[in-house]
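Student: I'm new to this one. Could you show it to me and walk me through it?

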Amino acid sequence: MSIHALIVDDSSVMRKIVERSLRQAGLDLSKVSEAGNGAEALSVLADHQVDLILCDINMPVMDGLEFIKQLPAVANAKGVPVVMITTEGSESHVVQALSLGARGYIRKPFTPDQVKEHVIPILGGKS
Amino acid sequence: MNLAHGAQAPTANHAVWISLLEVSIREVFELMLSSELTASQNVDAGVLDVTAMIGLAGQLCGVLSVRCSRRAAALMTSKMLNVDIDKVGPEMSDALGEVCNMVAGNFKNKISGLAEGCLLSPPTVITGDDYSLHSQAEEPGLQVHMLFENMPMTISLQIQA
(Lines give C-alpha, C1' and ligand atoms only; values in the text may rest on other atoms or scores of the structure.)
Protein backbone atom coordinates (compact mmCIF):
# COMPACT_ATOMS: atom_id res chain seq x y z
CA MET A 1 0.00 0.00 0.00
CA SER A 2 1.20 3.49 -0.77
CA ILE A 3 1.95 5.82 2.09
CA HIS A 4 1.51 9.59 2.36
CA ALA A 5 4.19 10.75 4.81
CA LEU A 6 4.46 14.13 6.53
CA ILE A 7 8.03 15.06 7.51
CA VAL A 8 8.39 17.91 9.99
CA ASP A 9 11.87 19.37 10.54
CA ASP A 10 13.27 22.88 10.35
CA SER A 11 16.18 21.58 8.25
CA SER A 12 15.25 20.97 4.62
CA VAL A 13 18.36 18.79 4.29
CA MET A 14 17.20 16.61 7.17
CA ARG A 15 13.72 16.32 5.64
CA LYS A 16 15.33 14.94 2.46
CA ILE A 17 17.45 12.50 4.48
CA VAL A 18 14.39 11.25 6.36
CA GLU A 19 12.50 10.81 3.10
CA ARG A 20 15.39 8.85 1.60
CA SER A 21 15.57 6.68 4.72
CA LEU A 22 11.86 5.88 4.42
CA ARG A 23 12.35 4.82 0.80
CA GLN A 24 15.41 2.76 1.79
CA ALA A 25 13.26 1.11 4.44
CA GLY A 26 11.11 -0.17 1.60
CA LEU A 27 8.13 2.12 2.05
CA ASP A 28 6.11 2.84 -1.04
CA LEU A 29 5.68 6.59 -0.68
CA SER A 30 2.88 7.90 -2.85
CA LYS A 31 3.36 11.41 -1.52
CA VAL A 32 5.65 13.25 0.88
CA SER A 33 4.57 16.50 2.48
CA GLU A 34 7.06 18.67 4.29
CA ALA A 35 6.78 21.25 7.06
CA GLY A 36 9.40 23.40 8.75
CA ASN A 37 7.74 23.47 12.17
CA GLY A 38 4.67 22.29 14.07
CA ALA A 39 2.47 25.16 12.95
CA GLU A 40 3.21 24.50 9.28
CA ALA A 41 2.52 20.81 9.88
CA LEU A 42 -0.90 21.62 11.37
CA SER A 43 -1.65 23.64 8.23
CA VAL A 44 -0.75 20.66 6.06
CA LEU A 45 -2.99 18.42 8.15
CA ALA A 46 -5.88 20.85 7.83
CA ASP A 47 -6.06 20.00 4.14
CA HIS A 48 -4.51 16.56 3.80
CA GLN A 49 -4.93 13.12 5.27
CA VAL A 50 -1.56 11.46 5.88
CA ASP A 51 -0.56 7.94 6.95
CA LEU A 52 2.62 8.65 8.87
CA ILE A 53 4.26 11.63 10.58
CA LEU A 54 7.99 11.95 11.25
CA CYS A 55 8.72 14.89 13.51
CA ASP A 56 11.71 16.73 14.96
CA ILE A 57 11.46 18.27 18.45
CA ASN A 58 13.60 21.42 18.42
CA MET A 59 11.99 23.73 15.88
CA PRO A 60 11.12 27.44 15.83
CA VAL A 61 7.54 28.74 16.01
CA MET A 62 6.07 25.47 17.32
CA ASP A 63 8.24 22.59 18.53
CA GLY A 64 7.53 18.93 18.01
CA LEU A 65 6.16 18.24 21.48
CA GLU A 66 3.64 21.11 21.25
CA PHE A 67 2.70 19.86 17.79
CA ILE A 68 1.88 16.31 18.91
CA LYS A 69 0.03 17.75 21.93
CA GLN A 70 -2.35 19.43 19.48
CA LEU A 71 -2.80 16.42 17.18
CA PRO A 72 -5.79 14.84 19.01
CA ALA A 73 -7.86 17.87 17.95
CA VAL A 74 -6.93 17.45 14.29
CA ALA A 75 -9.40 15.31 12.36
CA ASN A 76 -6.90 14.32 9.67
CA ALA A 77 -4.43 13.12 12.30
CA LYS A 78 -6.75 10.63 14.04
CA GLY A 79 -4.91 7.33 14.41
CA VAL A 80 -1.91 8.52 12.39
CA PRO A 81 1.32 7.19 13.91
CA VAL A 82 3.96 9.75 14.84
CA VAL A 83 7.67 8.98 15.14
CA MET A 84 9.99 11.58 16.65
CA ILE A 85 13.42 12.04 15.01
CA THR A 86 15.55 14.37 17.09
CA THR A 87 18.91 15.18 18.62
CA GLU A 88 17.20 15.39 22.02
CA GLY A 89 18.16 12.15 23.71
CA SER A 90 17.06 12.64 27.29
CA GLU A 91 14.79 10.13 28.97
CA SER A 92 12.36 12.91 29.90
CA HIS A 93 11.96 13.89 26.24
CA VAL A 94 11.34 10.27 25.28
CA VAL A 95 8.80 9.76 28.08
CA GLN A 96 7.06 13.04 27.28
CA ALA A 97 6.85 12.29 23.56
CA LEU A 98 5.51 8.77 24.12
CA SER A 99 3.00 9.99 26.72
CA LEU A 100 1.74 12.56 24.22
CA GLY A 101 1.09 9.80 21.71
CA ALA A 102 4.30 9.35 19.73
CA ARG A 103 4.72 5.73 18.66
CA GLY A 104 8.47 5.81 18.15
CA TYR A 105 11.56 7.81 19.03
CA ILE A 106 14.72 7.93 16.92
CA ARG A 107 17.82 9.82 18.01
CA LYS A 108 19.95 11.69 15.47
CA PRO A 109 22.36 10.62 14.09
CA PHE A 110 20.51 7.58 12.81
CA THR A 111 20.81 4.88 10.18
CA PRO A 112 18.18 3.91 7.60
CA ASP A 113 17.94 0.57 9.44
CA GLN A 114 16.86 2.38 12.61
CA VAL A 115 14.13 4.16 10.67
CA LYS A 116 13.01 0.82 9.28
CA GLU A 117 12.98 -0.80 12.74
CA HIS A 118 10.83 1.95 14.20
CA VAL A 119 8.49 2.70 11.32
CA ILE A 120 7.61 -0.60 9.66
CA PRO A 121 6.10 -2.27 12.77
CA ILE A 122 3.80 0.64 13.59
CA LEU A 123 2.47 0.84 10.05
CA GLY A 124 1.29 -2.75 10.17
CA GLY A 125 -0.51 -3.72 7.00
CA LYS A 126 0.00 -0.29 5.45
CA SER A 127 3.69 -0.89 4.75
CA MET B 1 30.72 10.70 32.67
CA ASN B 2 28.40 12.61 34.93
CA LEU B 3 27.94 16.35 35.02
CA ALA B 4 27.30 16.06 38.74
CA HIS B 5 31.04 16.69 39.00
CA GLY B 6 30.15 20.27 38.10
CA ALA B 7 31.32 22.85 35.65
CA GLN B 8 34.92 22.05 36.46
CA ALA B 9 34.47 18.72 34.72
CA PRO B 10 35.85 19.94 31.38
CA THR B 11 39.10 20.98 33.05
CA ALA B 12 39.40 18.01 35.35
CA ASN B 13 38.45 15.50 32.68
CA HIS B 14 39.66 17.28 29.60
CA ALA B 15 40.88 14.08 27.95
CA VAL B 16 37.58 12.29 28.61
CA TRP B 17 35.52 15.12 27.16
CA ILE B 18 37.83 15.40 24.15
CA SER B 19 37.41 11.69 23.60
CA LEU B 20 33.61 11.92 23.87
CA LEU B 21 33.56 14.86 21.48
CA GLU B 22 35.67 12.96 18.96
CA VAL B 23 33.42 9.89 19.19
CA SER B 24 30.36 12.12 18.75
CA ILE B 25 31.83 13.65 15.60
CA ARG B 26 32.87 10.32 14.14
CA GLU B 27 29.41 8.82 14.72
CA VAL B 28 27.66 11.67 12.95
CA PHE B 29 29.90 11.39 9.90
CA GLU B 30 29.77 7.59 9.77
CA LEU B 31 26.00 7.30 10.23
CA MET B 32 24.78 10.32 8.28
CA LEU B 33 27.47 10.78 5.62
CA SER B 34 28.95 7.27 5.38
CA SER B 35 32.34 8.86 5.85
CA GLU B 36 35.16 7.75 8.11
CA LEU B 37 37.14 10.63 9.54
CA THR B 38 40.84 10.53 10.29
CA ALA B 39 42.52 12.37 13.11
CA SER B 40 44.72 15.36 12.34
CA GLN B 41 47.20 17.07 14.64
CA ASN B 42 47.03 20.54 13.18
CA VAL B 43 44.92 22.48 10.76
CA ASP B 44 45.73 25.59 8.73
CA ALA B 45 42.95 27.85 10.02
CA GLY B 46 43.22 29.98 6.89
CA VAL B 47 41.47 27.36 4.79
CA LEU B 48 38.50 27.07 7.16
CA ASP B 49 36.11 29.61 5.70
CA VAL B 50 32.74 28.20 6.76
CA THR B 51 31.72 28.03 10.41
CA ALA B 52 28.59 26.50 11.94
CA MET B 53 27.85 27.31 15.57
CA ILE B 54 25.39 26.03 18.16
CA GLY B 55 24.82 27.65 21.53
CA LEU B 56 24.48 25.49 24.63
CA ALA B 57 22.57 26.75 27.67
CA GLY B 58 21.70 25.25 31.02
CA GLN B 59 23.99 23.00 33.05
CA LEU B 60 26.63 23.53 30.40
CA CYS B 61 26.87 26.92 28.71
CA GLY B 62 29.03 27.51 25.70
CA VAL B 63 29.35 27.33 21.97
CA LEU B 64 30.11 24.33 19.80
CA SER B 65 31.47 25.14 16.36
CA VAL B 66 32.37 23.17 13.26
CA ARG B 67 34.81 24.92 10.89
CA CYS B 68 35.79 23.67 7.48
CA SER B 69 36.39 24.84 3.91
CA ARG B 70 33.56 25.61 1.48
CA ARG B 71 34.65 22.60 -0.54
CA ALA B 72 34.36 20.34 2.52
CA ALA B 73 30.95 21.81 3.42
CA ALA B 74 29.77 21.29 -0.14
CA LEU B 75 30.96 17.67 -0.08
CA MET B 76 29.15 17.08 3.23
CA THR B 77 25.97 18.47 1.66
CA SER B 78 26.50 16.33 -1.42
CA LYS B 79 26.79 13.21 0.70
CA MET B 80 23.81 14.10 2.90
CA LEU B 81 21.54 14.82 -0.05
CA ASN B 82 23.04 12.21 -2.35
CA VAL B 83 23.58 14.77 -5.12
CA ASP B 84 26.59 15.75 -7.19
CA ILE B 85 28.87 18.21 -5.41
CA ASP B 86 28.62 20.62 -8.34
CA LYS B 87 24.85 20.79 -7.84
CA VAL B 88 25.12 21.88 -4.19
CA GLY B 89 23.73 25.38 -3.65
CA PRO B 90 22.48 27.42 -0.71
CA GLU B 91 21.43 24.28 1.15
CA MET B 92 25.10 23.97 2.15
CA SER B 93 24.53 26.19 5.19
CA ASP B 94 21.55 24.12 6.28
CA ALA B 95 23.58 20.92 5.94
CA LEU B 96 26.59 22.17 7.90
CA GLY B 97 24.28 23.59 10.56
CA GLU B 98 22.59 20.22 10.88
CA VAL B 99 25.98 18.47 11.18
CA CYS B 100 26.86 20.87 13.99
CA ASN B 101 23.47 20.28 15.62
CA MET B 102 23.90 16.50 15.54
CA VAL B 103 27.45 16.68 16.91
CA ALA B 104 26.29 18.90 19.79
CA GLY B 105 23.27 16.70 20.51
CA ASN B 106 25.25 13.49 20.28
CA PHE B 107 27.93 14.89 22.59
CA LYS B 108 25.53 16.03 25.30
CA ASN B 109 23.64 12.74 25.12
CA LYS B 110 26.87 10.92 26.02
CA ILE B 111 27.27 12.78 29.31
CA SER B 112 24.96 11.70 32.09
CA GLY B 113 22.73 14.54 33.21
CA LEU B 114 23.58 16.79 30.32
CA ALA B 115 20.97 15.47 27.92
CA GLU B 116 18.29 16.63 30.37
CA GLY B 117 19.86 19.85 31.51
CA CYS B 118 21.38 21.43 28.44
CA LEU B 119 19.44 23.10 25.64
CA LEU B 120 20.72 23.67 22.13
CA SER B 121 20.10 26.79 20.08
CA PRO B 122 19.28 26.65 16.37
CA PRO B 123 22.52 26.57 14.36
CA THR B 124 24.12 29.70 12.90
CA VAL B 125 26.40 29.46 9.88
CA ILE B 126 29.02 32.07 8.96
CA THR B 127 30.61 32.04 5.51
CA GLY B 128 33.98 33.76 5.16
CA ASP B 129 37.07 33.92 7.35
CA ASP B 130 37.41 37.63 8.03
CA TYR B 131 35.81 37.76 11.44
CA SER B 132 36.80 37.56 15.06
CA LEU B 133 34.84 35.76 17.72
CA HIS B 134 34.62 37.06 21.28
CA SER B 135 33.60 34.57 23.91
CA GLN B 136 33.10 34.89 27.66
CA ALA B 137 34.48 31.40 28.06
CA GLU B 138 36.41 30.95 31.27
CA GLU B 139 37.28 27.30 30.93
CA PRO B 140 39.84 26.12 28.41
CA GLY B 141 38.06 25.02 25.28
CA LEU B 142 38.04 21.59 23.72
CA GLN B 143 39.28 21.33 20.16
CA VAL B 144 39.37 18.36 17.81
CA HIS B 145 41.06 18.44 14.41
CA MET B 146 39.88 15.89 11.86
CA LEU B 147 40.25 15.19 8.18
CA PHE B 148 37.04 14.74 6.21
CA GLU B 149 37.89 13.16 2.85
CA ASN B 150 41.41 14.59 3.33
CA MET B 151 40.03 18.07 3.96
CA PRO B 152 40.70 19.69 7.34
CA MET B 153 37.97 20.41 9.83
CA THR B 154 38.09 21.78 13.37
CA ILE B 155 35.41 21.18 15.98
CA SER B 156 35.58 23.38 19.08
CA LEU B 157 33.64 23.53 22.29
CA GLN B 158 34.06 26.80 24.19
CA ILE B 159 32.70 26.37 27.69
CA GLN B 160 31.43 29.34 29.68
CA ALA B 161 30.19 27.59 32.81
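Tutor: Sure, here are some questions and answers about what is shown. This is a predicted model, where local features need pLDDT of at least 70, side-chain atom pairs count only at pLDDT 80 or more, and totals for chains, interfaces and linings use all residues. Residues are numbered from 1 along each chain as its sequence is written, with chains lettered from A and ligands numbered from 1 in the order in which they are written.

Student: Which element of chain A has the highest mean pLDDT?

Tutor: pLDDT is the predictor's confidence in each residue, from 0 to 100. Chain A averages 94, and 98% of the residues score at least 70. Elements are DSSP runs numbered from the N terminus: helices (H or I, at least four residues) and strands (E, at least two). In chain A, the lowest mean, 91, belongs to helix H5 (residues 112–123), and the highest, 98, to strand E3 (residues 52–55).

Student: How many residues of H4(B) are buried?

Tutor: Helix H4 of chain B covers residues 91–109, with 19 residues. Buried means 20 or more other C-beta atoms within 10 Å of a residue's own; exposed means 12 or fewer, and partly exposed is in between, with C-beta atoms placed from the backbone. H4(B) is mostly covered, and the buried count out of 19 is 17.

Student: Which helix gives the largest share of the largest nonpolar core?

Tutor: A nonpolar core is a set of buried Ala, Val, Leu, Ile, Met, Phe, Trp, Tyr and Cys residues joined through C-beta atoms within 7 Å. The largest has 78 residues, and those touching the most other members are A:Leu54, B:Leu96, B:Val99, B:Cys100 and B:Val103. The largest share of this core, nine residues, comes from H4(B).

Student: Is B:Ser34 buried or exposed?

Tutor: B:Ser34 sits in the loop between helix H2 (14–33) and strand E1 (38–39) of chain B. Its phi is positive, about 50°, although it is not a glycine. Because B:Ser34 has 11 C-beta neighbours inside 10 Å, it counts as exposed.

Student: And what is the phi of B:Glu149?

Tutor: B:Glu149 is in the loop between strand E6 (142–148) and strand E7 (151–159) of chain B. With 16 other C-beta atoms within 10 Å, B:Glu149 is partly exposed. Most residues other than glycine have a negative phi. B:Glu149 is not a glycine, yet its phi is positive, at about 50°.

Student: Which residues does a cis peptide bond join?

Tutor: Most peptide bonds are trans. Look in the loop between strand E5 (104–107) and H5 of chain A, where A:Pro109 lies. With omega about 0°, the cis bond joins A:Lys108 and A:Pro109.

Notes:
The expected span of a helix is 1.5 Å times one less than its number of residues.
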